[in-house]
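Colleague: Could you walk me through reading this one, feature by feature? I would like the general idea each time, and then the case at hand.

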Amino acid sequence: MTALLKTPSSWPRVLLPAADAGDPTDLDSATRSGAFDALRTAVRAMTPAQVVTAVTDSGMRGRGGAGFPTGAKWRAAASAAGTRKYVVANGYGADPAVQTDRTLLELAPYAVIEGMALAAYAIGAHEGFIAVRADAAETIRRLEAAIGAAEEAGFIGPDVIETGWELRIEVRPVQGAYMLGEETVLLKALEGKRGQPEQRPPHPTESGLFDRPTLVHNVQTLAAIPWIVDRGAAAYAAIGSKASPGTILVQLRGPGGAGIAEVPIGTPLRTLVGLVDGGRRGKEAPERPVKAVLVGGPSGGFLPPDLLDTPYEFDALRAVDAHVGSGSIVVADDRACIVDLARLLTRFCADQACGKTIPCRIGTRRLSEIVDRIAVGTPKPTDADLAADLASDVVGSALCDHERLATLPATSAMRYFRAELDDHLLRSTCPAGVCHPIAVTVAGPT
Amino acid sequence: MSFVPGLGLVRGMALTLRRFFEPKVTNLYPEIPARVPPKFRGRLQLLYDEYGTLKCETCFQCAQACPVECIDMGGVDTKGRFAIHWGPPETYGERREESALRRAGRTVPDPVYEHFHGIDLRAVDDILHEVDHDPKEMLRILAAIQAEYGYVPVAALKRVSQSTGAWYAMLYGTATYYDHLAVGAPRSTEGDADAAYLGALDGSLSGRSASTDSQAAGT
Ligand SMILES: Cc1cc2nc3c(=O)[nH]c(=O)nc-3n(C[C@H](O)[C@H](O)[C@H](O)COP(=O)(O)O)c2cc1C
Ligand code: SF4
Ligand code: FES
């Protein structure tokens, strides 16, 4: 498990329990500190519509990366026709470099289970699935222990808190490509099929798992629901930024360390980068200037240092060609070459695409080839324009968000690091000395 | 026979001389095109996947689409229940593989691939029984098979296809899609895309080119 970073004590904690909380799967100690209080209040004293209203009023937006308003999703799922509905917790954690969702499931399994129960109560579902990576054996073990204990205690199961309402929750280990984390793909996996995205609409809230209304949420979204029901929507709305309140888990990686932190949304990037910079740096790692910050994981965008005041928030990041994505923030110092990094990320995204549609199968592949050409010093004179054209075509014609976002490493590199790109493109040199472009030398007398 | 110097040459020349007076068989292509029967579409052949398993699913799409209706085929559905057919009625009720092969005129085993190996299928049957042969539980079935055999044998996939009604081709697509399942043979640790990506990211951040690692080897 990745280390948790120390954050300022003034930052509120919604998702992660206190560091000394003891065994997270121990139901007794969890209920003593308030687990399942919110569920009890909800099923005894609130109508499902009131729960939906509370979530809507909190202004919460989904933590899966896109930041879709959670309340709107719940309203759609609650009003969808059908007696059989599902709740799916997306704990897949697609980015191999990010452990946030897994860590949350390990440290606060009951919060996720309770959040699922509240969501199921609000939309009228009787079944829930938690999707996790098949190689996360410890996470699966803890989750199964927690579900077993909660069922035994009557918080979920055939008779939830003596109300006669039935709710079954199951863990489903899956493991596949990056885009298996996308919700329509994940639903395909839960149906026992090959993971490929579906056209939307219809959205999963109308026709999802087995063509029934399904609420798919990131585990962080679900884990915050009990807090909201417990302490009220207004308290939650007061945390973080106005446009998207609450806290989010980020996976930071910088020269001074790496780890997971729970941060209020809207915190400037500079502050977040500061958590893994300065202070802890030893002698062996001399001070190096920050060259770029990669925000959003493999399909993230590169931001230059002068954009470090951008708040870490869904819309603000999207406006500067990055995104929250997997919650990863990676600091690249002057040893790294942006073209080389862009090449690596574009290649990874192309490799991980599902192949269902042409922008996915061919568009990402061609983009990766263009960036490859630039990096190895064999570009065609039109390659920069070609890449920009291709990227905008892929964005315009993509079926799922994976292809759309897969263009970000290349387009953000072109937008902010054009000079470095031009060195590769026009002069066949790599200023960072990372790539080995074929330098064109004119033979002369020695 | 005793060795007569020059006899081979004489024999060869004799053949040449005989051919000289026979009617010609070569065409003056392209001036004179060959005469091909109007419905001729080349030789039909059914392909095998890399495990030596017939790819044809008896889906009839080729038979339906064939513009000259030269394909007919018959077989039973994947659960062995209904005899289905396309083409003249004598093809009713045949086992689909035999039928498809016979209809195609010849078997075309690909010498590169070995036929998949038989395994003891009792464990597969138990697993299937447990989930009531429900194709919706496919991932659970496949994961249980993986746990039982250490990989997902092609013979097991065939059995699962037969007894759940899921088409083998779809099932093959599903099983090979997921990284926690190893189809055909136990997985080797190399070729793990996530690990390769993480290694390359480390390298690239510290100033070593990602181009020298295996990620880029395919270019
Ligand atoms: C390529 C791709 C990968 C994704 N991976 C994940 C993931 O690993 N975990 C996750 O929770 N959401 C992931 N998402 C987002 C989901 O599609 C979906 O929006 C999310 O689970 C909805 O939950 P939310 O409403 O809580 O944000 C991914 C999306 C895309 C396009
Ligand atoms: S019947 Fe067999 S060969 Fe013909 S299209 Fe279907 S799968 Fe292919
Ligand atoms: S990754 Fe294939 S359609 Fe999106």
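Modeller: Happy to; we will go from the interface to the strands, then to single residues and salt bridges. Keep in mind throughout that this is a predicted model.

Colleague: Let's begin with the interface. How many residues does each chain bring to the contact?

Modeller: Chain A supplies 43 residues and chain B supplies 30 residues. The area buried between chain A and chain B is about 3000 Å², with 56% of it on carbon and sulfur atoms. On the side of chain A, the residues that lose the most area to chain B are Gln175(A), Arg194(A) and Leu344(A), which together make up 18% of what that side buries.

Colleague: And what polar features should I look for between chain A and chain B?

Modeller: There are 9 residue pairs in polar contact across this interface, counting pairs with both residues at pLDDT 80 or more. The salt bridges between chain A and chain B number 4. For an example, look at Asp194(B) and Arg133(A), whose side chains form a salt bridge at 2.6 Å, N to O.

Colleague: Which elements give two or more residues to the side of chain A that touches chain B?

Modeller: They are strand 3 (168-174), helix 8 (183-190), strand 9 (328-333) and helix 13 (338-352) of chain A. Helix 13 of chain A gives the largest share, 8 residues. Sorted by class, this side of chain A has 23 nonpolar, 6 polar and 14 charged residues.

Colleague: Can we zoom in on one residue from the other chain? Where does Leu198(B) lie?

Modeller: Leu198(B) is in helix 8 (residues 193-205) of chain B. Beyond its neighbours within four places in sequence, Leu198(B) is in contact with Pro96(A) and Ala97(A). Its relative accessible area is 29%, so Leu198(B) is classed as partly exposed.

Colleague: Now the strands. What should I expect of side chains along a strand?

Modeller: In a regular strand, side chains alternate between the two faces of the sheet. Take strand 4 (residues 214-218) of chain A, where 5 of its 5 residues are buried. Thr214(A), Val216(A) and Asn218(A) point one way from strand 4 of chain A, while Leu215(A) and His217(A) point the other way, and all are buried.

Colleague: In which sense do strand 1 and strand 4 of chain A pair, parallel or antiparallel?

Modeller: Strand 1 (residues 86-91) of chain A runs parallel to strand 4 of chain A, with 5 bridges joining the pair. To find the register, start from Tyr86(A), whose bridge partner in strand 4 of chain A is Thr214(A).

Colleague: What are the partners of strand 7 of chain A?

Modeller: One is strand 9 of chain A, paired in the antiparallel sense over 5 bridges. There, Val293(A) stands opposite Val331(A). Another is strand 8 (residues 301-303) of chain A, also antiparallel, over 3 bridges. Leu294(A) has Phe302(A) as its bridge partner in strand 8 of chain A. Strand 7 and strand 8 of chain A form a hairpin with 5 residues between them, and Gly296(A) in the turn has a positive phi of about 115°. Strand 7 of chain A, residues 290-295, is mostly covered, with 5 of its 6 residues buried.

Colleague: How about a residue outside such elements? Is Thr7(A) buried or exposed?

Modeller: Thr7(A) sits in the segment before helix 1 (27-32) of chain A. It counts as buried because its relative accessibility is 18%, and the cut-off for buried is under 20%. Setting aside neighbours within four places in sequence, Thr7(A) is in contact with Ala261(A), Glu262(A) and Leu275(A).

Colleague: Last topic: how many salt bridges are there over all chains?

Modeller: The search of the whole structure gives 37. It helps to ask where the two partners sit along the chain. Glu138(A) and Arg141(A) form a salt bridge at 3.1 Å, N to O, and both lie in helix 7 (residues 137-152) of chain A, 3 residues apart, about one turn of the helix. Glu138(A) is partly exposed at 32% relative accessible area, and Arg141(A) is partly exposed at 49%.

Colleague: And which salt bridge links distant parts of the chain?

Modeller: Look at Lys291(A) and Glu420(A), with the closest N and O atoms 3.2 Å apart. Lys291(A) is in strand 7 of chain A and Glu420(A) is in helix 18 (residues 418-427) of chain A, 129 residues apart. Both Lys291(A) and Glu420(A) are buried. Salt bridges can also join up into a network, as with Lys73(A), Glu182(A), Glu183(A) and Arg200(A).

Methods: Residues are numbered from 1 along each chain as its sequence is written. Chains are lettered from A and ligands numbered from 1 in the order in which they are written. This is a predicted model: local features need pLDDT of at least 70, side-chain atom pairs count only at pLDDT 80 or more; totals for chains, interfaces and linings use all residues. Side-chain values use heavy atoms; hydrogens and water are left out. Contact means heavy atoms within 4.5 Å. Buried area is the accessible area (1.4 Å probe) that two parts lose on being put together, summed over both. A polar contact is a pair of N or O atoms within 3.5 Å; within protein, one must be able to donate a hydrogen and the other to accept it, and residues adjacent in sequence count only if both atoms are side-chain atoms. Helices (H or I, at least four residues) and strands (E, at least two) are DSSP runs, numbered from the N terminus. Ala, Val, Leu, Ile, Met, Phe, Trp, Tyr, Cys and Pro count as nonpolar, Asp, Glu, Lys and Arg as charged, and the others, Gly among them, as polar. Buried means under 20% relative accessible area, exposed over 50%, partly exposed in between (1.4 Å probe, protein chains only). Two strands pair if DSSP finds at least two bridges between them.
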